[in-house]
Amino acid sequence: MMDLVLNHSSNEHRWFKEAKKSKDNPYHDYYIWRDGDEGVPPSDMKACFGGSAWEYVPEIGQYYFHQFLPEQPDLNWENPALREEIYKMVNWWLDRGIAGFRIDAIINIKRPDLGRSSGGRAGRQRLFNQQHHPDAEARRRDEKWHWRLFKRIKGTLLCAPRCVYGRR
């Protein structure tokens, strides 16, 4: 069993270092970016551990999104090229005999509208609740969305809701 985080990478990861070089770099769209002026984030969303969920990169005049720490930029799961890279990496580990994965922060890859105001502390709690404790219908939609993402992984088996994937 291997721990696997698919919500974000390190800001030291090769993909992110490339992404910061240019808006035209193919790796740029592996992450979530928004235009903005320094000191004026795209929204007032707060990161889980405090502070803004947006970090400015002056070289390209954009902010990247991070739900947790600035050192953990969120991956853009809407990008098919990123998903293919993730599938290849997961299958590489499965081919080498890993029995399964504990997938951390998986529910965070489906995000609320990142451009809206969070409405202060009460609003941030509301956004958190909408994302992590949706109504039954929204939860079913999200679970289907997550399952569609992972159907490209060889022999995957959902062993525990939103948590562990492994060989059949």
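Over residues 117–130 of this predicted model, pLDDT stays under 50, and the model has 16 contacts beyond four places in sequence for that stretch. A second stretch, residues 157–168, likewise has pLDDT under 50 throughout, and for these residues the model has 37 contacts beyond four places in sequence. Where pLDDT is low, the predicted coordinates should not be read in detail, so the contacts of residues 117–130 and of residues 157–168 call for caution under that general reading.

For the protein as a whole, the mean pLDDT is 77, with 65% of the residues at 70 or more. Ranked by mean pLDDT, the elements run from strand β7, residues 164–166, which has the lowest value at 40, up to helix α1, residues 14–19, which has the highest at 98.

The account now turns to the sheet. Three strands make up an open sheet, arranged in the order β2-β4-β3 with antiparallel pairing. Its edges are formed by β2, covering 33–35, and by β3, covering 54–57, each of which pairs on one side only. On average, and with direction ignored, neighbouring strands of this sheet are turned by 35 degrees against each other. Between β2 and strand β4, residues 62–65, the antiparallel connection consists of three bridges, and Arg 34 is found opposite Tyr 63 in β4.

Aromatic side chains add another layer to this picture, with a count of eleven aromatic pairs. One of them joins Phe 16 and Tyr 64 in an edge-to-face arrangement, with 4.8 Å from centre to centre and 75 degrees between the planes. This pair links distant parts of the chain, since Phe 16 belongs to helix α1 and Tyr 64 to strand β4, 48 residues apart. Both Phe 16 and Tyr 64 are buried, and together with Tyr 31 and Trp 33 they form one aromatic cluster.

Another pair brings together Tyr 56 and Tyr 63, whose rings are tilted, with 4.9 Å centre to centre and 55 degrees between the planes. Is each of these two partners buried or partly exposed? Tyr 56 has a relative accessible area of 21% and is therefore partly exposed, whereas Tyr 63 has a relative accessibility of 3% and so counts as buried. The cut-off matters for this reading, because buried means under 20% relative accessible area.

Notes
Residues numbered from 1 in each chain as written. Predicted model: local features only at pLDDT ≥ 70, side-chain atom pairs only at ≥ 80, totals over all residues. Heavy atoms only, no water. pLDDT = per-residue confidence, 0-100. Helix = DSSP H or I, 4+ residues; strand = E, 2+ residues; numbered from the N terminus. Contact = heavy atoms within 4.5 Å. Pairing = 2+ DSSP bridges. Axes fitted to C-alpha atoms, helices over the stretch in contact; angles between N-to-C directions. Phe/Tyr/Trp six-rings, centres within 6.5 Å; stacked < 30°, edge-to-face > 60°. Buried < 20%, exposed > 50% of the residue type's maximum accessible area, 1.4 Å probe, protein only.
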